[in-house]
Amino acid sequence: MPPFVIQTEDLDEVCRLWLGERCEVVSCPSEDPKFAGLLAKADGLVVRTYTQVNAELLAKAPKLKVVGRAGVGLDNIDVPACRARGVTVVSTPDANTRAVVELVTAFMLDAVRPRAFVERAMEIGEWKRVRKELLAPRQLLDLTLGIVGMGRVGGGLARVGAAMNMRVVYADVVEIPEAKRFGARPVSHAELFETADIISVHVDDRASNRGMVNAALLAGARPELVFINTSRGFVIDNAALAGFLKSNPGAQAILDVHEPEPFPAGYPLLGLANAHLTPHIGAATATAHRNMSWVVRDVWRVLSGEKPEFPAER
């Protein structure tokens, strides 16, 4: 009998078919009433963002050998609980790096370069007025980019900043080799918030990062700060950021991740004119989706008794 694998969220069809040639694969969302019955006989589980793999789920999966996270972060997977039950966790750590770097670059340009498409003929007076209205007061060359977290995405963004001739500073809890800084200068978190015109956050899911962007850090920030977060929603004290934006109408926040997701009507950042919210689209490219979906290779390696290429590191 081939191994039995449950797929709870979307996968690239090529990757799903590849795994289906080797295993019996059933697609079933974790909220489906049939999921518990299928879980009882599952050898493998492939998830993305919204399936919570915790002790409660594991208790219902006595045969489970591997959990494949088609993505980078392991926020929704209790890795120690999996390890305690002998379940291997695998992921795709570099699958969406370029996609996220591209999105942050687009956000930076959105923030500093107003633009509009001309869709009708204009008289010369209106043409001049529109051009004047679209005059950008700043350009990236003039600005300091602050990067919180210099991992794969942060390092990629540092390269973009260097290519744009921006001044780039970064803050990280670990020492970053000079070769991986791409000219960025290390500073404290406090100095970064005090000196950067644009701040982009790229940190992992460790507990110490929860609420790190708080009122104390924001108190020192520039009144025209562009704040971007594509990492984790829980990094931000939402009430503190909302207060900062209300007090500084020239500032902007561009947020792709939120706590919680989806956010409710009472979300403090909803409805603020200078808060721009996107629905977690950092990895929303066909290329990144396929890269993440190839987690099925490591799922098959584990089920075949081989060592995976990308096991969970914690």
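This is a short walk through one protein model, from its overall make-up to its cores, one helix and a few backbone details.

Before anything else, please keep in mind that the model is predicted, so that local features need pLDDT of at least 70 and side-chain atom pairs count only at pLDDT 80 or more, while totals for chains, interfaces and linings use all residues. Residues are numbered from 1 along each chain as its sequence is written, and side-chain values use heavy atoms, with hydrogens and water left out.

Let me start with the whole chain. The protein has 12 helices and 12 strands, where helices (H or I, at least four residues) and strands (E, at least two) are DSSP runs numbered from the N terminus. Its C-alpha trace spans about 75 × 50 × 40 Å along the principal axes. Of the 314 residues, 48% are buried, and here buried means under 20% relative accessible area, exposed means over 50%, and partly exposed lies in between, with a 1.4 Å probe and protein chains only. If we take contacts (heavy atoms within 4.5 Å) between residues at least 6 apart in sequence, 60% of them join residues at least 24 apart.

Now to the interior. The largest nonpolar core has 32 residues, and those touching the most other members are F193, I199, F227, L241 and L245; such a core is a set of buried Ala, Val, Leu, Ile, Met, Phe, Trp, Tyr and Cys residues joined through side-chain atoms within 4.5 Å. At least two residues of this core come from each of β7 (167-171), α8 (189-195), β9 (198-201), α9 (215-219), α10 (238-247) and β11 (252-255), and α10 gives the most, with 5 residues. A second, separate core holds 26 residues, among them V101, L143, I147 and I228. Returning to F193, and leaving aside neighbours within four places in sequence, its contacts include V148, I199, L217 and F227.

Which residues of helix α12, residues 295-303, are buried? They are V295, V296, D298, V299, V302 and L303. Seen down the axis of α12, these buried residues fall within an arc of 160°, so they line one face of the helix; the arc is that of the directions from the helix axis to the C-beta atoms. Their packing partners are β1 (4-7), α1 (13-20), β3 (44-47), β4 (66-69), β5 (88-90) and α11 (286-293). After α12 comes G305, with a positive phi near 85°.

The segment before β1 holds P3, which counts as buried at 18% relative accessibility. Leaving aside neighbours within four places in sequence, P3 is in contact with residues including R22, D43, W300 and L303.

Finally, the backbone. Most residues other than glycine have a negative phi, and most peptide bonds are trans. In the loop between β11 and β12 (275-277) we find P260, and the peptide bond from E259 to P260 is cis, with omega near 5°. P262 also lies in the loop between β11 and β12, and a cis peptide bond with omega about -10° joins E261 and P262. As for phi, N165, in the loop between α7 (152-163) and β7, has a positive value of about 60° although it is not a glycine, and N165 is exposed at a relative accessible area of 55%. F182 lies in the loop between β7 and β8 (185-186); its phi is positive, near 55°, and F182 counts as partly exposed at 36% relative accessibility.
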